[in-house]
Amino acid sequence: MERRHFVKAASILGIAGTMPAAASGTQQHLAETQKSTGAQDRKYWADLLYRISAPILYYMSKGELKKNMLLDVSPKWDNRDKNVSYLEAFGRLTAGTSLWFSLPDDQTPEGEKRKQLYDWTLQSMAHAVDPSSPDYLAWTAGSQPLVDAAFLAHGLIRNMPKLWEPLDNITKGRVIKEFKEIRRVKPYNSNWLLFGAMPEIFLLLVDEEYNTERIEHAINKINGWYVGDGWYSDGDVFHMDYYNSYVIQPMLVDILDVWINKAGKMPQSVYETAFKRMQRYSEFLERIISPEGTFPAFGRSITYRVGAFQPLAQMAYLDKLPKSITPAQVRCGLTAVMKRMFANKNNFDKNNFLQLGFVGHQPNVADSYTNTGSLYLTSLGFLPLGLPADHEFWSAPAADWTAKKAWNGEDFPKDAATRY
């Protein structure tokens, strides 16, 4: 099948018109955010996540992703095998969409999109691990596959009933084989330790042999890198970036949830402390959303876009937001960010795949390891779509987020450091 704009493919499949049009500008998106209802916000989120996900999953479900994805790499590319891009796209996207798939099927326009992506995901999973498929992923291409095996495992762990249990036994066996063989990669002394632990936690959940040392070493090292007030360093030296969001906090909490709450391998207090730290960190994420719906572009991997808000999104999904934050203000703040960011039509290439950049096409801000597939980590900001439409997150009236209150001269919660 020749490369073509995904809208054409969508039309063939009877799903034309499902992709959201870009907003015309900053002032328009801010005005829309101020007056939009929760139902309108949800439609925007669902349409945007569909637009991000559909080209990857449609082509991969047919075994044609490698044939059709327009692959781009950073101008500073470090010469690793470019084939890792496809594993990155699928693993990261699965981690971001999995909770949305937990909702029951329905006949709404959103439900039809969700069901379509879900079906494509299961079909894509089979191609991902089938050595005879053109879309068999690059599981042995250097060390990078450990990273995205971990994101894929994270997605599976988040929704085992819908993403694991329906798979046929051959596909299940192949996934397990790849997760065991990825042990050949020794994680770097950084957030990568969690990449080594996550597939092992998955193996524990499916009653397969797992490596205790990789799990406990990751937990102990990350806890030893806690620097205070909800922040971890990424290794022995602190980095001011969003890796607490992309990897460290969500993976640590979800690994501990299985290791402690399900397997009883450590004291409950270890999990509770990590959870409180992520709650505290999520307060910072809510406060960095400016009144205009922007946030600072500092540190590594800013091309991961709204993936920077994963811990805040996860706390909203779990109904565990800090007391100073309401679900409605998180919804409105994140919606403002998405509308501001994706108002720029250059976020997508001519075939509707994401392009290197923060807002639009900005290849020079990409790191040496960044490629087209890397960008799908942005899906991690969409976790609250896993909440039903009548949940308070979506049903409550619009509310201003903290920075907007502060800069409007309104009362807002005073911030203070924590001791845990």
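## Contacts around Trp-164

Contact here means heavy atoms within 4.5 Å. The model is predicted. By that cut-off, and not counting residues up to four places away in sequence, Trp-164 touches Leu-156, Asn-159, Lys-172, Val-175, Ile-176, Phe-202 and Val-206.

Trp-164 sits in the loop between α8 (160–163) and α9. Is Trp-164 buried or exposed? Its relative accessible area is 7%. The cut-off for buried is under 20%, so Trp-164 counts as buried. Ala-406 gives a distant reference point: its C-alpha is 45 Å from that of Trp-164, with the two positions 242 residues apart in sequence.

## Ile-176 and Phe-202

Ile-176 belongs to helix α9, residues 169–181. Ile-176 is buried, at a relative accessible area of 12%. Leaving aside neighbours within four places in sequence, its contacts are Trp-164, Leu-203, Val-206 and Glu-208. Trp-164 therefore appears in the contact list of Ile-176, and the list for Trp-164 includes Ile-176 in turn.

How far apart are the C-alpha atoms of Ile-176 and Phe-202? They are separated by 9.0 Å, and the two residues are 26 apart along the chain. Phe-202 has its own set of contacts, again leaving aside neighbours within four places in sequence. The set is Ala-153, Leu-156, Ile-157, Met-160, Trp-164, Val-175 and Phe-179.

## The nonpolar core

In soluble globular proteins, nonpolar side chains tend to be buried together. In this chain, the largest nonpolar core has 127 residues. Which residues have the most contacts inside this core? They are Leu-156, Phe-179 and Phe-202. Helix α3, residues 38–61, supplies the largest share of the core, with 13 residues.

Leu-156 and Phe-179 are both among the contacts of Phe-202. Leu-156 is also one of the residues that Trp-164 touches.

## Overall architecture

The chain has 17 helices and 2 strands. Its C-alpha atoms fill a box of roughly 60 × 55 × 45 Å along the principal axes. With 420 residues, a compact globule would have a radius of gyration near 22 Å. The chain has 20 Å, which agrees.

Of the 420 residues, 60% count as buried. Take contacts between residues at least 6 apart in sequence: 77% of them join residues at least 24 apart.

## Surface and charge

The accessible surface comes to about 15,900 Å². Carbon and sulfur atoms account for 51% of that surface.

How many positive and negative side chains does the chain have? There are 47 positive and 46 negative. The centres of the two sets lie 3 Å apart.

## Positive phi at two loop residues

Most residues other than glycine have a negative phi. Asn-79 has a positive value, with phi near 70°. Asn-79 is found in the loop between α4 (65–68) and α5 (84–97). Asn-79 is exposed, with a relative accessible area of 69%.

Ser-301 has a positive phi as well, near 60°. Its loop runs between α13 (268–287) and α14 (310–317). Is Ser-301 buried or exposed? Ser-301 is buried, with a relative accessible area of 0%. The two loop residues thus fall on opposite sides of the burial scale: Asn-79 is exposed, whereas Ser-301 is buried.

Definitions and conventions. Residues are numbered from 1 along each chain as its sequence is written. This is a predicted model: local features need pLDDT of at least 70, side-chain atom pairs count only at pLDDT 80 or more; totals for chains, interfaces and linings use all residues. Side-chain values use heavy atoms; hydrogens and water are left out. Helices (H or I, at least four residues) and strands (E, at least two) are DSSP runs, numbered from the N terminus. The radius of gyration is taken over C-alpha atoms; the globule rule is 2.2 Å times the number of residues to the power 0.38. Buried means under 20% relative accessible area, exposed over 50%, partly exposed in between (1.4 Å probe, protein chains only). Accessible areas come from the Shrake-Rupley method with a 1.4 Å probe; for residues, only the protein chains shown count as cover. Lys and Arg count as positive and Asp and Glu as negative; His and the chain ends are not counted. The place of a charge is taken as NZ of Lys, CZ of Arg, CG of Asp or CD of Glu. A nonpolar core is a set of buried Ala, Val, Leu, Ile, Met, Phe, Trp, Tyr and Cys residues joined through side-chain atoms within 4.5 Å.
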